[in-house]
Amino acid sequence: MAITMRHSPFHNQRPTDCVIDLIILHAISLPAGDFNTTHVEALFSGHLEPTAHPSFAELAGVTVSAHFVVDRQGNIDQYVACEARAWHAGASIWQGRENCNDYSIGIEMIGDEQHPFSRAQYRETARLCRCLMHHYPRITSQRIVGHQDVAPGRKWDPGVQWSWAHFHRSLAHIRHANLPIAITASDAVSASDDSTPPCAHRSSASPDCSSASPAATDRRS
Ligand SMILES: [Zn+2]
């Protein structure tokens, strides 16, 4: 399974010595209910045309991204290298730690609150999570959560259509997945040069990140 490397300018460095130990699952469709990835790609790339749809006006100037997007067919795009801090969670807290962007990986799944997610999305999202769990051993299956869990009341996603039971069954059936994800920015560059690196790097062990947060914050998500 290939992963398409794309670029989002909406990322920055994680705090020094930050250990990645959480995955946050999201759902998105643009415009709402449209499962084509074209506008999501434009949004994360900073090229969304605000006049392309009436609902896009409120997205003008919004700077958001995610590390990965899983579409309805199970295709995976990567926008931000894992070691970098993507802007997906916004104001958030998990088990007393704020600023979840600092220490999490964000995965957007194309979907909404009206339609069940596809079997391919359960399978590929689970494979992607298993690969990330290999790289970042502190991510246990209990540390894969929804945006709604880290921003309750503010965010709905991945929402009522996402079956956590189905997802955890899928995850349990996958012992190892070796996806060509980009851990570092240089991985992403070499991957887009068409030499996709295997899932082979390992993050160095380091202490937990503090709650200190870089100045840049996303406005919306
Ligand atoms: Zn979200």
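This report walks through a predicted model of a single chain, from its overall make-up to a few local details.

## The chain at a glance

Let's start with the big picture. The chain has 221 residues, and 42% of them count as buried. Its secondary structure consists of five helices and ten strands.

How much of the contact map links residues that are well separated in sequence? If you take the contacts between residues at least 6 apart in sequence, 74% join residues at least 24 apart.

## The nonpolar core

A handy bit of background here is that nonpolar side chains tend to be buried together in soluble globular proteins. In this model, the largest nonpolar core has 57 residues, and those with the most contacts inside it are I23, I107, L128, C129, L132 and A182. Plenty of elements pitch in: β1 (3-5), β3 (22-28), α1 (38-45), β4 (68-70), β9 (104-110), α2 (119-135), α4 (164-173) and α5 (185-192) each supply at least two residues of this core. Which of them gives the largest share? That's α2, with seven residues.

L128 is a good place to look around the core. Setting aside residues up to four places away in sequence, L128 touches F68, V70, I76, I107 and L179.

## V70, seen from β4

V70, one of the residues that L128 touches, lies in strand β4. Is V70 buried or exposed? It has 29 C-beta neighbours inside 10 Å, and the cut-off for buried is 20 or more, so V70 counts as buried.

Leaving out neighbours within four places in sequence, V70 is in contact with I76, I107, M109, Q121, E124, T125 and L128. Take T125 from that list: V70 and T125 sit 55 residues apart in sequence, yet their C-alpha atoms are 6.8 Å apart in space.

## Where α2 meets α4

Now for a helix pair. The axes of α2 and α4 come within 9 Å of each other and cross at roughly 55 degrees. The two helices are therefore oblique to each other, and α2 passes α4 in a right-handed crossing.

Which residues make this contact? On the α2 side they are Y122, R123, T125, A126, C129 and R130, and in α4 they meet H166, F167, S170 and L171. By type, the residues of this contact divide into five nonpolar, three polar and two charged. Two of the α2 residues have already come up: C129 is among those with the most contacts inside the core, and T125 is in contact with V70.

## Backbone oddities

As a reminder, most residues other than glycine have a negative phi, and most peptide bonds are trans. A few spots in this model are worth a look with that in mind.

Two are cis peptide bonds. The bond from L30 to P31 is cis, with omega near -15 degrees, and P31 lies in the loop between β3 and α1. Another cis bond joins D157 and P158, with omega about 0 degrees; P158 is found in the loop between α3 (147-150) and α4.

The other two spots have a positive phi without being glycine. D17 has a phi of about 65 degrees and lies in the loop between β2 (11-13) and β3. N99 has a phi of about 55 degrees, and its place is the loop between β8 (97-98) and β9. Their surroundings are not alike: D17 has 11 other C-beta atoms within 10 Å, so D17 is exposed, while N99 has 23 C-beta neighbours inside 10 Å, so N99 counts as buried.

## Two more long-range pairs

G146 is found in strand β10 (residues 144-146). With 20 other C-beta atoms within 10 Å, G146 is buried; the cut-off is 20 or more. Apart from neighbours within four places in sequence, G146 is in contact with L25, D157, P158 and W162, so to speak bringing in both partners of a cis peptide bond. G146 and A27 are 119 residues apart in sequence and 9.1 Å apart in space, C-alpha to C-alpha.

Q95 lies in the loop between β7 (93-94) and β8. Because just 8 other C-beta atoms lie within 10 Å, Q95 is exposed. Even so, Q95 and V150 have C-alpha atoms 8.7 Å apart in space, with their positions 55 residues apart in sequence.

Definitions and conventions
Residues numbered from 1 in each chain as written. Predicted model: local features only at pLDDT ≥ 70, side-chain atom pairs only at ≥ 80, totals over all residues. Core = buried A, V, L, I, M, F, W, Y, C linked by C-beta atoms within 7 Å. Buried ≥ 20, exposed ≤ 12 C-beta atoms within 10 Å, placed from the backbone. Helix = DSSP H or I, 4+ residues; strand = E, 2+ residues; numbered from the N terminus. Contact = placed C-beta atoms within 7 Å. Axes fitted to C-alpha atoms, helices over the stretch in contact; angles between N-to-C directions. Parallel < 35°, antiparallel > 145°, perpendicular 65-115°, else oblique. Left-handed = near helix turned anticlockwise from the far one by under 90°. Nonpolar A, V, L, I, M, F, W, Y, C, P; charged D, E, K, R; others polar.
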